[in-house]
Structure formats: C-alpha cells, structure tokens
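Student: Please take a close look at the pockets of this model. What lines them, and how are they built?

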Amino acid sequence: MSTLPVDTIESDFRQIRSRQGAVVVASPTGSGKSTRIPLWALDQGKVLVVEPRRIAARSLGLHVAAQTNTAPGELVGWAVRDDVVRRESTRVLFCTPG
C-alpha cells in the first residue's frame, strides 16, 4: 500500500479516538481520509462512511476492499440506491445519505 499524507496522523488519530471517541479530520482531497481512516476506526467496531455521491461510495468500497485483500462485501461494502453489497461480516460500509 502506498503512503498517503493522512498516514502521518495515524497514531494521533488512534490516541484521540480511544480517549474521546469522536475525531474530526480536515485534509485536502486525495490525502487518504476516506481510504485510511475507516480502517483505523475498526478497532472500536463497525464503521459507516457517508459519501455524497453513489459513484464515490461504490468506488471507495471497491478500492478499500482491494486494499484489504477481501472480496467486496466481505469486510468492506457499500449501500446506495439500487446497489447494496454487504454481508453480516461487513465492518466498513460506504453509503449515501439518501
């Protein structure tokens, strides 16, 4: 897996999340917020990632599943209008607000 700018805050993110539970991360587009942070948050349970566009939710689901070497829906899935790829084992779910 290649290095992304957001990787530099992983330990800080985990420390703050374990103490406070909620963390807000602001970073430029393409820095890795949507691909790294959901996986870091798994240590505290299932993760729901809300994306504004269906294509973004699907693409991220496919990309993050590939990063984890799992089939779509196994560990990482998505739920958008007319397209749901998830199982009981899904722990990261990308979805749209609609």
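Tutor: What follows covers the largest pocket and then the second largest. This is a predicted model, where local features need pLDDT of at least 70, side-chain atom pairs count only at pLDDT 80 or more, and totals for chains, interfaces and linings use all residues. Residues are numbered from 1 along each chain as its sequence is written, and side-chain values use heavy atoms, with hydrogens and water left out.

The largest pocket has a volume of about 360 Å³. A pocket here is an open set of points on a 1 Å grid over the protein atoms alone, where a 1.4 Å probe fits, with protein on both sides within 12 Å along at least five of seven lines; lining residues have an atom within 4 Å of a point. The volume is the space filled by probe spheres set on the points, which are joined across faces, edges and corners.

Lining the largest pocket are 17 residues; Lys33, Ile37, Pro38, Leu48 and Val49 are the closest to its centre. Helix H1 (10–20), helix H2 (33–40) and strand S1 (47–50) each supply at least two lining residues. Helices (H or I, at least four residues) and strands (E, at least two) are DSSP runs, numbered from the N terminus. The lining has 11 nonpolar, 2 polar and 4 charged residues. Ala, Val, Leu, Ile, Met, Phe, Trp, Tyr, Cys and Pro count as nonpolar, Asp, Glu, Lys and Arg as charged, and the others, Gly among them, as polar.

The second largest pocket holds about 150 Å³. Its lining is Leu4, Thr29, Gly30, Ser31, Gly32, Lys33, Ser34, Thr35 and Leu60. H2 gives the most, with 3 residues. By class, 2 are nonpolar, 6 polar and 1 charged.
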